[in-house]
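Biologist: Got a minute to go through this model with me? I'd like to start with how the pieces are named.

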Amino acid sequence: MIQISALPAFTDNYIWLLQDPSTQRCAVVDPGDAAPVLAWLKQNPEWALSDILITHHHHDHVGGVEHLKRVTDAKVYGPANEKIPARDVALNDNDRISVLGWDFDIYTVPGHTLGHIAFYHLGVLFCGDTLFAAGCGRLFEGTPAQMHTSLERLAALPADTLVYCTHEYTQSNLKFAQAVEPDNADIAQRVEIVRQLRERGEITLPSNLALEKRTNPFLRTSETSVKQKADERSGRDNRSGAEVFASLRAWKDKF
């Protein structure tokens, strides 16, 4: 059984570490910094890094790739439509790869960047900076309509899917979620749980899609209360889910 844990990097990034105890091979997702991975490998010399999975080209996700490739000769997987350092395998929509014995389906999820991809294996989603716990990534390259479509695609996965995003943004995202839906009891409950976790210095991830659908405003654009707040903030009638999303994202950018 593959074990998944987080290697903290920078101020709020997580590099996801996947371990296969049966082979003592491991993989990492979005190593923006090589140092945490190399430190773990030094502490666990019996393990070999065999694979590196990349969701998009931003430096805090790829900054450690070339160094890790030189040291370990791990195979590097990344989106075909972005410039990924040391990439061995270019991935397109609906591709399938096998890593540590797990088959991952590849989804293109443009929005945060145009070539952004996500990796999905039964009940496990590595989604980079597309879907966050209680939020979503900024639109650096894509359009609101693209990001809304990408989020809907991820939201259609099974409700018990674990969401492994790459930033510890949950607490700040929930402040915005409460501003959008101040009467949402699920959000209020999650705020308290996350507050306690962070006070203890604990990670708030992974999330799961069922929880996101109850507490993440960017997955709740069809809810009347969310649309009403988006209309109020934008001063117009947002007629589609994509328009509601665009209004929410513009508000969040200045929140």
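Modeller: Sure. Helices here are DSSP runs of H or I with at least four residues, strands are runs of E with at least two, and both are numbered from the N terminus. Keep in mind that this is a predicted model.

Biologist: OK, then where does P206 lie?

Modeller: P206 is in the loop that sits between helix 6 (185-199) and strand 14. The peptide bond joining L205 and P206 is cis, with omega at about 0°.

Biologist: Any odd backbone angles elsewhere? What's phi of D30?

Modeller: Phi of D30 is near 55°, which is a positive value in a residue other than glycine. You'll find D30 in the loop between strand 3 (25-29) and helix 1 (34-43).

Biologist: Back to strand 14. What's the order of the open sheet of six strands?

Modeller: The order is 7-8-9-10-13-14, and the pairing is mixed. Strand 7 (96-99) and strand 14 (207-208) are at the edges with a single partner strand each, so one side of each has no neighbour in the sheet.

Biologist: And in what sense do strand 9 and strand 10 pair, parallel or antiparallel?

Modeller: Antiparallel: strand 9 (residues 117-121) and strand 10 (residues 124-128) pair over three bridges. Y120 stands opposite L125 in strand 10.

Biologist: Which strands does helix 4 lie across?

Modeller: Helix 4 (residues 144-155) lies across strand 8 (102-108), strand 9 and strand 10. Relative to strand 8, helix 4 runs at about 155°.

Biologist: Switching to helix packing. At what angle do helix 5 and helix 9 cross?

Modeller: Roughly 125°, with the axes of helix 5 (residues 170-180) and helix 9 (residues 241-253) coming within 11 Å. That angle makes helix 5 oblique to helix 9. The crossing is right-handed.

Biologist: Which residues make the contact?

Modeller: Helix 5 brings N173, F176, A179 and V180, while helix 9 brings L248, W251 and K252. By type, the residues of that contact are five nonpolar, one polar and one charged.

Biologist: Last one: what does the UniProt annotation cover?

Modeller: The unreviewed UniProt entry puts "domain: Metallo-beta-lactamase" on residues 12-167. In the model, the end C-alpha atoms of that span lie 5 Å apart, and the span is 22% helix and 36% strand.

Definitions and conventions:
Residues are numbered from 1 along each chain as its sequence is written. This is a predicted model: local features need pLDDT of at least 70, side-chain atom pairs count only at pLDDT 80 or more; totals for chains, interfaces and linings use all residues. Side-chain values use heavy atoms; hydrogens and water are left out. Axes are lines fitted to C-alpha atoms, for helices over the stretch in contact, and angles run from 0 to 180 degrees between N-to-C directions. Angles under 35 degrees count as roughly parallel, over 145 as roughly antiparallel, 65 to 115 as roughly perpendicular and the rest as oblique. A crossing is left-handed if the near helix is turned anticlockwise from the far one by less than a right angle, and right-handed if clockwise. Contact means heavy atoms within 4.5 Å. Ala, Val, Leu, Ile, Met, Phe, Trp, Tyr, Cys and Pro count as nonpolar, Asp, Glu, Lys and Arg as charged, and the others, Gly among them, as polar. UniProt positions are given in the numbering used here, feature names are shortened, and annotations may be inferred rather than shown by experiment. Two strands pair if DSSP finds at least two bridges between them.
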